[in-house]
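Here is a guided look at one protein chain, written for someone who likes to check distances and contacts on screen. Keep the viewer open and follow along.

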Amino acid sequence: MAGLGRKTFSPGDVLTSSDVQGYLMDQAVMVFAGTAARTSAIPSPSAGMVAYSTATQLQVYNGTAWVDASNGYGVASGTAAASTAITVAGTAYTLLTFTSTSTLSITRSGLFDVLVVGAGGAGGQVVSSLYPGGGGGGGQALQTTIYASADQTVTIGAGGVATYGAANQVAMTGAGSSIGTLAIAAGGGGGGNSDGGFALSGKAGANGGGGNGSNVSTSSSLAGVSNARGFAGGAGVGSNSQGAGGGGGTTAVGANGVGTTGGAGGAGLQLSTFTGGTITTFVGAGGGGAGTVGGAAGSTGAGAGGSATTGGNATANTGSGGGGSAGTTLNGGTGGSGVVYVRFKT
């Protein structure tokens with residue numbers, strides 16, 4: 001049963017078994033040799049129970065799980081993850097940075113603040129100089145707090161790749177990143193392609209890819225991604241040799257192409273707030289290709305649109321989109337791979 005709170009007993013009061021249980025036992029600090037002994041003694045704990053063991057130190061049961069009584073945060077390490085001491089708003093944390101698929105190893109169960117970034121989409125590829133490719137969309141940046149009591153697989157999504165051919169259309173959208181099933185961030189959409197034999201519009205993703213620079217007057221749009229705050233890619237100009245749209249960023253839509261100038265990619269999220277200023281990466285979108293002036297990258301790390309050149313590649317582990325190409329038989333820029341940050345109070 002749950003603790004009953006505080007009671008003042010008067011001389012002559014009868015101390016019942018329920019009084020002992022509710023006022024004393026359920027609210028005492030119980031001491032155990034380890035978690036197995038605690039589970040054996042208390043198979044069905046009640047919210048508010050407090051226990052101590054050398055394995056976990058002081059913990060409280062929150063109705064779902066035993067958590068650290070001081071701040072509720074757990075302790076973890078990461079295989080192949082960089083560990084950094086940071087301070088955010090005066091609070092000390094340990095920050096784990098995952099740049100490749102790895103394991104989050106839980107030393108002590110508890111809460112963990114996480115920022116999971118999906119990979120960026122590729123910029124649109126071209127077959128003819130008449131059809132510049134759209135910019136790739138940025139990946140989703142999901143910030144939340146999770147509870148973890150067991151090791152989790154951390155998956156880092158691969159950036160979208162634009163190489164010409166129908167079989168490569170799916171590969172243009174960035175892959176998602178995740179921490180097990182506890183936090184999942186989708187990848188950004190690929191930019192619009194050049195050939196009328198393929199889809200000219202940008203592809204849907206966490207943030208949409210930009211429209212192609214020929215005969216496309218509508219932008220691509222956000223896919224129905226759970227928990228994503230998505231932005232659409234910009235529209236391409238509706239005639240040949242014109243500007244393609246920029247990809248959608250994590251904080252803004254991609255710009256439309258104007259005349260022979262490609263649209264800029266949408267602006268990205270600055271990650272320094274979560275990382276205490278130690279990481280200054282943005283999650284931006286790629287610029288659209290164009291007949292004269294390629295679209296600017298949405299943020300540092302994203303690819304710029306090309307003009308008679310391939311699209312710019314996005315920087316790895318930024319989740320940013322690649323730039324669209326403009327020329328003849330040129331590939332779009334590759335999207336940046338994803339990244340995962342995990343922090344806990346120390």
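The report below goes from the overall make-up to the cores and then to single residues.

## Overall make-up

Please keep in mind that this is a predicted model. The protein has 346 residues, and 51% of them are buried. Its secondary structure consists of three helices and 16 strands.

The exposed area of the protein is about 13400 Å², with 55% of it supplied by carbon and sulfur atoms. If you plan to look at contact maps, here is a useful figure: among contacts between residues at least 6 apart in sequence, 54% join residues at least 24 apart.

## Two nonpolar cores

The largest nonpolar core has 21 residues. Inside this core, the residues with the most contacts are Phe98, Leu104, Phe112, Val114, Ile179, Val340 and Val342. At least two residues of this core come from each of the strands β7 (91-98), β8 (102-108), β9 (110-117), β10 (141-148), β13 (183-185) and β16 (339-345). Another core, of eleven residues, lies apart from it and includes Tyr93, Leu115, Val283 and Tyr341.

Phe98 is a good residue to center the view on. Leaving out residues up to four places away in sequence, Phe98 touches Gly78, Thr79, Ala81, Thr103, Leu104, Val154, Ile156, Val339, Val340 and Val342.

## The salt bridge

How many salt bridges does the count come to? The count comes to one. The partners are Asp113 and Arg343, whose closest N and O atoms are 3.1 Å apart. Asp113 belongs to strand β9 and Arg343 to strand β16, so this pair ties together parts that are 230 residues apart in sequence. As background, side chains of opposite charge can pair when their charged atoms come close.

Are the two partners buried or exposed? Asp113 counts as buried because its relative accessibility is 5%, under the 20% limit. Arg343 counts as buried too, at 9% relative accessibility.

Arg343 also turns up among the contacts of Thr94, a residue of strand β7. Not counting neighbours within four places in sequence, Thr94 is in contact with Ser83, Thr84, Val342, Arg343, Phe344 and Thr346. Thr94 counts as buried, with a relative accessibility of 16%.

## Tyr147 in strand β10

Tyr147 is found in strand β10 and is partly exposed, with a relative accessible area of 26%. Its C-alpha atom is 6.2 Å from that of Phe112, although the two residues are 35 residues apart along the chain.

Beyond residues up to four places away in sequence, Tyr147 touches Ala65, Trp66, Val67, Ser109, Gly110, Leu111 and Leu182. With Trp66 there is a polar pairing to look at: a polar atom of the Tyr147 side chain lies 3.1 Å from the backbone oxygen of Trp66.

## A nonpolar patch on the surface

Which residues make the nonpolar surface patch of about 360 Å²? The patch is made by Val29, Val31, Tyr52 and Leu58. Of these, Leu58 lies in strand β3 (residues 57-61). Leu58 is partly exposed, with a relative accessible area of 37%.

## Loop residues worth a look

Ala290 sits in the loop between β15 (282-283) and β16, and is buried, with a relative accessible area of 0%. Setting aside residues up to four places away in sequence, Ala290 touches Pro132, Gln242, Gly243, Thr260, Thr261, Gly262, Gly306, Ser307 and Ala326. From Ala290 to Ala244 the C-alpha distance is 5.9 Å, while the two are 46 residues apart in sequence.

Backbone angles offer another stop. Most residues other than glycine have a negative phi. Ala80, however, has a positive phi, near 65 degrees. Ala80 is found in the loop between β5 (75-78) and β6 (82-88) and is exposed, with a relative accessible area of 62%. Asn317 is not a glycine either, yet has a positive phi of about 60 degrees. Asn317 lies in the loop between β15 and β16.

Definitions and conventions: Residues are numbered from 1 along each chain as its sequence is written. This is a predicted model: local features need pLDDT of at least 70, side-chain atom pairs count only at pLDDT 80 or more; totals for chains, interfaces and linings use all residues. Side-chain values use heavy atoms; hydrogens and water are left out. Patches are made of residues with over 30% relative accessible area and no salt bridge: like charges are joined within 9 Å, nonpolar side chains (Val, Leu, Ile, Met, Phe, Trp, Tyr) within 5 Å. Accessible areas come from the Shrake-Rupley method with a 1.4 Å probe; for residues, only the protein chains shown count as cover. A salt bridge is a side-chain nitrogen of Lys or Arg within 4 Å of a carboxyl oxygen of Asp or Glu. Helices (H or I, at least four residues) and strands (E, at least two) are DSSP runs, numbered from the N terminus. Buried means under 20% relative accessible area, exposed over 50%, partly exposed in between (1.4 Å probe, protein chains only). Contact means heavy atoms within 4.5 Å. A nonpolar core is a set of buried Ala, Val, Leu, Ile, Met, Phe, Trp, Tyr and Cys residues joined through side-chain atoms within 4.5 Å. A polar contact is a pair of N or O atoms within 3.5 Å; within protein, one must be able to donate a hydrogen and the other to accept it, and residues adjacent in sequence count only if both atoms are side-chain atoms.
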